[in-house]
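Let's take a walk through this fold together, beginning with a small sheet and working outward to the helices and domains. Please keep the sequence and the coordinates at hand.

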Amino acid sequence: MKNSKNMQLFKQAQKVIPGGVNSPVRAFKSVGASPIFIQKAKGAYLWDEDGNRYIDYCLSWGPLILGHADRRVLAEVKKNMANGTSYGIPTAIETQLAEMIVAAFDSIDKVRLVSSGTEAVMTAIRLARGATGRDKIIKFIGCYHGHVDSLLVSAGSGLMTLGTPSSPGVPKDFAQNTLLAPYNDADAVERLLAKYAGQVAAVIVEPVAGNMGTVLPEPGFLKKLRNLCTKNKTLLIFDEVISGFRLCYGGAQTVYKVKPDLTTLGKIIGGGFPIGAVGGKAAIMDKLSPQGSIYQAGTLSGNPVCVAAGIATLKQLRALNPYKKLGSLTERLCGGICQTLAAKGIPNTINQIGSMFTLFFNDAAVTDYDTAAKSDTKRYARYFQHMLESEIYLPPSQFEANFLSAAHTEKHLDQTLKAIDKWKL
Ligand code: KE4
């Protein structure tokens with residue numbers, strides 16, 4: 001694999017961009033490699049600036065469920081761009097995307113579109129605090145909800161990857177309103193709600209966690225959170241930025257049959273363009289300005305080009321309904337990975353649901369941050385580098401989720417399993 005252009009571009013980038021990247025986890029720091037720079041992508045493939053082609057299991061961290069540069073999405077984007085790119089004035093297609101999201105989620109009557117998952121979560125937190133008049137938020141250790149100040153405490157994703165679970169620069173009084181519980185530990189939440197009775201505005205959870213690697217909710221966990229929140233008049237927020245339209249058309253809340261009070265979305269609903277959304281019952285959502293007094297705003301909120309990409313993506317998902325096929329392909333891949341590594345005597349455990357999964361180099365079940373953190377990250381780094389050399393692009397972190405798209409086929413899986421079989425540890 002040639003790497004000279006990538007190395008030169010990384011050197012150049014580091015002169016003018018902190019760490020040479022616009023999002024930390026892209027820097028390949030935890031996998032001991034120099035990042036590749038992408039020239040183009042199509043379907044399941046990426047090409048870097050040195051002309052190397054890769055099968056992509058990161059898919060821009062989740063959005064590209066149809067695969068890269070889907071021709072139907074591009075056609076809609078081109079058509080809309082020809083009419084202009086942004087107005088800062090309402091457009092009919094923003095209503096169309098909102099209607100599609102409302103139709104997909106029973107728990108959602110109204111939606112506010114924003115420009116990132118972080119903005120969606122920030123808005124949901126402010127909405128919950130404003131609606132309840134309470135300040136405290138309960139989050140789960142290892143869950144990541146974007147770089148919202150008050151939630152950068154014991155967070156996953158890039159923070160876990162870089163071993164800095166909390167970030168400097170967050171004022172102490174922000175963090176003191178953030179209460180922590182281990183993922184899958186509803187009893188810990190019950191104790192916090194009792195200790196801080198009447199003070200907790202919301203419990204926010206990734207209903208299927210993707211940011212300590214993929215970690216599934218244990219039976220009854222989400223239902224118990226629902227009951228505890230109802231009893232304490234605390235709002236339940238499902239952060240479905242990853243799981244929304246990924247696990248099925250109605251996200252994790254449809255799979256697990258638990259209705260949150262607020263849902264945050266992102267990634268897939270933008271089809272690869274910058275987007276986020278917060279949705280919920282009208283009684284709560286109508287407290288957002290200008291209907292209510294809880295403020296949220298954004299120059300490019302509901303941008304028509306991003307919205308057109310999102311509508312095209314959701315239309316394809318509704319028409320193709322690829323979820324069953326995505327799930328069985330992913331199950332086949334995970335089964336093959338497990339067998340291949342077991343035959344090499346390599347301890348491994350895979351958490352998988354639908355078309356998202358994580359291979360942990362860990363001989364125990366991974367059910368929360370503590371068990372995930374026991375994974376062998378050095379072995380993951382060696383695995384990542386071997387797969388990159390074998391033209392397979394994986395998330396550059398043990399603590400992220402892998403994804404398949406509708407463009408992945410058995411051929412891609414066969415190539416991937418062959419590469420793992422050739423791994424000399
Ligand atoms: P963005 O602001 O990155 O669009 O969304 C933040 C966010 C919110 N909630 C969940 C559950 C998320 O996973 C994310 C962002 N995901 C990470 C990857 N795990 C983005 C990748 C990155 O930070 O570069």
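In this predicted model, lysine 40 has tryptophan 47 of strand 2 as its bridge partner. That pair belongs to the antiparallel pairing of strand 1 (residues 38-42) with strand 2 (residues 45-48), which are joined by 4 bridges. The two strands form a hairpin with 2 residues between them, and glycine 43 in the turn has a positive phi of about 60 degrees.

Tryptophan 47 also stands opposite arginine 53 in strand 3. Strand 2 and strand 3 (residues 53-56) run antiparallel too, joined by 3 bridges. Here the hairpin has 4 residues between its strands, with glycine 51 in the turn at a positive phi of about 80 degrees.

These strands are part of an open sheet of 4 strands in the order 1-2-3-13, with mixed pairing. Strand 1 and strand 13 (392-393) each have a single partner strand, so one side of each is left without a neighbour in the sheet.

The second sheet is worth a look as well. It is open, has 7 strands in the order 4-10-9-8-7-5-6, and again shows mixed pairing. Strand 4 (110-114) and strand 6 (178-182) are its edge strands, each pairing on one side only. From one strand to the next, the twist averages 20 degrees. Within this sheet, strand 7 (residues 200-205) and strand 8 (residues 235-239) pair in the parallel sense over 4 bridges, and isoleucine 204 has isoleucine 237 of strand 8 as its bridge partner. Helix 3 (residues 92-104) lies across strand 4 and strand 9 (262-266), running at about 125 degrees to strand 4.

Now for the helices. Two packed helices are described by the angle between their axes and the distance between the axes. The table sets out two such pairs.

| Helix pair | Axes come within | Crossing angle |
|---|---|---|
| Helix 2 (residues 71-81) and helix 11 (residues 304-320) | 8 Å | roughly 150 degrees |
| Helix 14 (residues 377-389) and helix 15 (residues 410-421) | 10 Å | roughly 125 degrees |

At roughly 150 degrees, helix 2 and helix 11 are therefore roughly antiparallel to each other. Helix 2 passes helix 11 in a right-handed crossing. On the helix 2 side, the contact is made by Arg72, Val73, Glu76, Val77, Asn80 and Met81; helix 11 contributes Pro304, Val305, Ala308, Ala309, Ala312, Thr313, Gln316 and Leu320. By class, this contact has 9 nonpolar, 3 polar and 2 charged residues.

For the other pair, the crossing at roughly 125 degrees makes helix 14 oblique to helix 15. The crossing of helix 14 and helix 15 is right-handed. Tyr383, His386 and Met387 in helix 14 meet Thr416, Ala419 and Ile420 in helix 15. The residues of this contact divide into 4 nonpolar, 2 polar and no charged.

How do the domains lie along the chain, and how many residues from each are in contact? The domain assignment gives domain 1 as 4-65 + 322-421 and domain 2 as 71-319. The centres of the two domains, taken over C-alpha atoms, are separated by 25 Å. Their contact takes 35 residues from domain 1 and 34 residues from domain 2.

Note on methods
Residues are numbered from 1 along each chain as its sequence is written. This is a predicted model: local features need pLDDT of at least 70, side-chain atom pairs count only at pLDDT 80 or more; totals for chains, interfaces and linings use all residues. Side-chain values use heavy atoms; hydrogens and water are left out. Axes are lines fitted to C-alpha atoms, for helices over the stretch in contact, and angles run from 0 to 180 degrees between N-to-C directions. Angles under 35 degrees count as roughly parallel, over 145 as roughly antiparallel, 65 to 115 as roughly perpendicular and the rest as oblique. A crossing is left-handed if the near helix is turned anticlockwise from the far one by less than a right angle, and right-handed if clockwise. Contact means heavy atoms within 4.5 Å. Ala, Val, Leu, Ile, Met, Phe, Trp, Tyr, Cys and Pro count as nonpolar, Asp, Glu, Lys and Arg as charged, and the others, Gly among them, as polar. Two strands pair if DSSP finds at least two bridges between them. Domain bounds come from an automatic or database domain assignment.
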